[in-house]
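Me: I'd like a close look at the largest nonpolar core of this protein. Please start with the residues at its heart, then follow the elements that build it outwards to the spaces around them.

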Amino acid sequence: MISLLDYGAGNVRSLRNAIQALGFALTEIERPSDILKAERLIFPGVGAFGAAMERLRRLGYIEPLKEYLAADRPFLGICIGLQSLFEGSEESPGIPGLGLIPGRIRRFDAGHLSVPHMGWNGVRIERESPLFADYGGEKLYFVHSYHAEPAPENAHWRLATTDYGRSFLSAVQRGQVAAVQFHPEKSGAAGLRLLQRFLSGQSTGAPVGGLNAGTAPTRFAKRIIACLDVRTNDSGDLVVTKGDQYDVREAGEVRNLGKPVDLARRYYEEGADEITFLNITAFRDFPLADQPMLEVLRQTSERVFVPLTIGGGIRAFSDSNGVYYSALDVAAEYFRSGADKISIGSDAVEAVERYLQRGRVKDGTSAIEQIARVYGNQAVVISIDPRRRYVGSPSETRHRTLQTATSGPQGERYCWFQCTVKGGREGRDVDAVELARACEELGAGEILLNSIDRDGTGAGFDLELIQAVREAVNIPVIASSGAGCVEHFAEVFAATSVEAALAAGIFHRREVPIQAVKSYLREQGIETRD
Ligand code: 1PR
C-alpha cells in the first residue's frame with residue numbers, strides 16, 4: 001500500500017494516475033497519525049516552498065513526518081518534496097524546512113538560461129543505488145526555479161546531480177529515504193520505471209560507493225510539442241481541428257483531424273515532449289460547462305506521462321444562474337482533471353491592458369497572479385496570438401517596430417506584432433513584446449508564441465517575432481505556427497534561443513513524424529530527448 005501525502009496545494013493527479021497505471025493501490029494521508037502508519041510514503045510537493053511548509057505545519061504533519069524520516073522508513077519526495085527536506089529556502093525566507101539534509105535551497109541564477117528550469121535534462125548518477133538500477137541514461141522532466149546545492153555537508157545524501165548553468169542536486173538518498181527534483185510521473189517510460197522501483201520496494205538499501213561525479217555535463221534538451229486545437233464541430237462532436245491562419249473551416253465545415261484522446265496518446269507514444277490542448281472556442285462558452293473537454297483531459301492524463309497543458313476560456317465567469325467563478329476556479333478544475341499547466345490567451349491581454357493603465361502596479365487581481373500564487377509560476381503559460389502590422393516608418397505607431405525582411409503589402413519595411421483576443425477575431429492596442437514582458441512581471445512561467453500570419457502555412461516559424469519576444473523575457477518561450485518540415489525546427493533553434501518548438505498540422509496529417517524532427521535536430525547538433 002502506497003500512501004500519498006497530498007496536502008491539498010495543487011495538482012497531484014498526474015502522480016496518482018502514474019501510480020495507478022503501474023498497478024499500485026493508493027491511500028491518502030488524511031490526518032497526522034496516518035503518516036506513521038504508512039508503509040511507503042510519497043510526498044509530491046507542489047507550489048512554493050513556504051506555502052508547502054506552512055500547510056504541513058497547519059495540518060500537524062511536521063512532527064510525524066520528521067519522526068517517519070528519522071526512523072528511516074520508505075519515503076520518496078518529488079520536487080518541493082525534495083526541497084522541503086533541507087533547512088530552508090531562498091524562496092521563503094524565515095520558514096524552516098524539515099531540516100533533515102544540511103543546506104539551503106537557492107534560486108537559479110542561470111545567466112543566459114531561462115528560469116524556471118523547465119524541460120528534459122540528464123542526471124549524473126554519483127553512486128550506485130537500487131533506485132536507479134535500471135536507469136538507462138534517459139532525460140527526465142524538470143520544472144523548478146529553485147535548486148538544492150551540492151555541498152560537503154550534504155555529500156552523504158548526494159545521489160545524482162544535473163547541470164543547468166550550475167550543478168544542482170537532482171536526487172538524494174540515504175537508506176530508505178530518497179527524493180528527486182525531477183518529476184518521474186511526467187518523465188515518460190524512464191520516469192515510470194523509476195517510480196515502479198520505489199513503489200515495489202526495490203529502491204531501498206543505501207547507495208554504495210564513494211562519490212564519483214564523472215565529468216560529462218548533463219545536456220538540457222530542446223522540447224518538441226504537439227498541439228491539439230480542439231472544438232465541437234457542427235455535428236456536436238469534439239474534434240481536433242486545424243486552421244489556416246486561424247480559419248478552421250473548409251467548404252463551410254470545421255476540419256476534423258481526429259479524436260483528441262487518441263491523437264494525444266499517439267503523440268506520447270511517438271515521443272512528443274509535451275502535449276498542449278487548446279479549447280479554441282472556449283472564449284464563447286463557459287469552459288466548466290464543457291464536460292467533454294474535461295473528460296478528454298481526464299482520459300488523456302491516465303495514459304500520457306509527459307506534461308499536459310490546456311488553454312481556452314480561462315477567465316472569470318458568471319453562469320446563467322448568476323453564480324460567479326474566478327479564473328482560479330476554472331483553472332483549478334483543469335488542474336484537477338489532469339493538466340500540469342494552463343494557458344491563458346484573451347484574458348492575459350485584458351489583464352495586461354489594465355496593468356499598463358495602472359502604471360505597472362500589480363494588484364493581485366489578474367488570473368495570472370492568482371493562479372501563479374496557488375499553483376506556481378511554472379503552471380501558468382501565456383498563449384499569444386499576434387498578427388503582423390506593417391508601417392512605412394517607426395514613427396507611425398507607438399509600438400516597438402522592427403525592420404522586417406518580409407515587407408508589407410504596400411512595400412512597408414517595418415512591422416509590429418499586434419496581440420489579438422478571441423482566436424484572432426479582435427486586435428488590441430498591445431504588442432506581443434510588451435505583452436510577454438508584462439505577463440512575466442505578473443508571474444507567468446512560460447510564453448506560447450503563435451503567429452496568425454504563419455499558422456497552418458508550413459512556411460516556417462516567424463523568426464523575427466520569436467527573436468523579439470525571446471530577447472524581452474527570461475522565462476521559457478515556445479515557438480509556434482508555420483512548421484512545414486524538419487529544417488524549420490533546426491532553423492528556429494539556430495536563429496533564436498527558444499526552449500521549445502510546437503507544431504500541429506504536420507503532425508496531424510502525418511507529414512512529418514516527431515521522431516524525424518528529433519533525428520534531424522540531433523544530426524544538426526541540437527540536443528533533444530530521444
Ligand atoms: O483566449 O484564453 O480562450 O484561449 C484560446 C486559445 O485558443 C488560445 O491559445 C488561441 O491561441 C487558441 N485559438 C483560438 N482560435 C484558434 C484558431 O485556430 N482559430 N488556435 C486558436 C490557435 C494556434 C496554434 C497552432 C499553431 C501551430 N492555434 O496553437 O497549433 O499555430 O499550427 P501549425 O503547426 O499547423 O502551423 P483563450
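Reply: Happy to! This is a predicted model, and its largest nonpolar core holds 163 residues, among which Ile-42, Ile-275, Phe-277, Ile-382 and Phe-489 touch the most other members. Helix H12 gives this core its largest share, seven residues. Both domains take part: at least three residues of the core come from domain 1 (2-199), and at least three from domain 2 (223-523).

Phe-489 is a good place to zoom in. Beyond its neighbours within four places in sequence, Phe-489 contacts Ile-224, Phe-461, Ala-483, Ala-501, Ala-503, Ile-506, Phe-507, Val-517 and Leu-521. There is also a second, separate core, made up of nine residues, with Leu-278, Val-381, Leu-502 and Ala-504 among them. Keep Leu-278 in mind, as that residue returns further on.

Since the core draws on both domains, it helps to see how they sit. The protein is divided into domain 1 (2-199) and domain 2 (223-523), and their C-alpha centres are 30 Å apart. On the domain 1 side 23 residues enter the contact, and on the domain 2 side 29 residues do.

Now back to H12, the helix with the largest share of the core. H12 spans residues 432-442, and it is among the elements that cover the buried residues of helix H11. The rest of that cover includes helix H9 (327-336), strand S22 (341-344), helix H10 (346-357) and strand S23 (380-384). Within H11 itself (residues 367-375), the buried positions are Ala-367, Ile-368, Glu-369, Ile-371, Ala-372 and Tyr-375. How does such a pattern relate to a helix? An α-helix has 3.6 residues a turn, so residues three or four places apart point the same way. Ile-368, Ile-371, Ala-372 and Tyr-375 are among the buried residues of H11, and you can trace them along the helix in the viewer. Just after H11 comes Gly-376, with a positive phi near 95 degrees.

That end of H11 leads to the largest pocket. Tyr-375 and Gly-376, together with Asn-377, Gln-378 and Ala-379, lie nearest the centre of this pocket, out of 43 lining residues. Its volume is about 900 Å³. H11 supplies the largest share of the lining, four residues. At least two residues each come from helix H1 (13-21), strand S3 (40-45), strand S4 (75-79), helix H5 (80-83), S9, H11 and H12. H12 therefore belongs to the lining of this pocket as well as to the core. By class, the lining has 21 nonpolar, 13 polar and nine charged residues. Like the core, this lining takes at least three residues from domain 1 (2-199) and at least three from domain 2 (223-523).

The second largest pocket has a volume of about 750 Å³. It has 47 lining residues, and here Leu-278 returns: the closest to the centre are Asp-229, Tyr-246, Leu-278, Ile-280 and Asp-385. Leu-278 is thus one of the residues of the separate second core and one of those closest to the centre of this pocket. Strand S14 (223-232) gives the largest share of the lining, three residues. S14, strand S18 (274-279), S22, H10, strand S30 (500-503) and helix H15 (505-508) each supply at least two. S22 and H10 also appeared in the cover over H11. This lining divides into 13 nonpolar, 21 polar and 13 charged residues.

Finally, the enclosed spaces. Three cavities of 30 Å³ or more are counted, and the largest contains about 50 Å³ of space. Its lining consists of Arg-400, Leu-402, Trp-416, Phe-417, Asp-431, Ala-432, Val-433 and Ala-468. H12 turns up here too: H12 and strand S26 (414-421) each supply at least two of these residues. Six of the lining residues are nonpolar, none is polar and two are charged.

To sum up, H12 is the thread to follow: it gives the largest core its biggest share, helps cover the buried residues of H11, and contributes to the lining of the largest pocket and of the largest cavity.

Notes. Residues numbered from 1 in each chain as written. Predicted model: local features only at pLDDT ≥ 70, side-chain atom pairs only at ≥ 80, totals over all residues. Heavy atoms only, no water. Buried < 20%, exposed > 50% of the residue type's maximum accessible area, 1.4 Å probe, protein only. Contact = heavy atoms within 4.5 Å. 1 Å grid on protein atoms, 1.4 Å probe; cavity = no way out; pocket = protein on both sides within 12 Å on 5 of 7 lines; lining within 4 Å. Points joined across faces, edges and corners; volume = space filled by probe spheres on them. Nonpolar A, V, L, I, M, F, W, Y, C, P; charged D, E, K, R; others polar. Core = buried A, V, L, I, M, F, W, Y, C linked by side-chain atoms within 4.5 Å. Domains from an automatic or database assignment.
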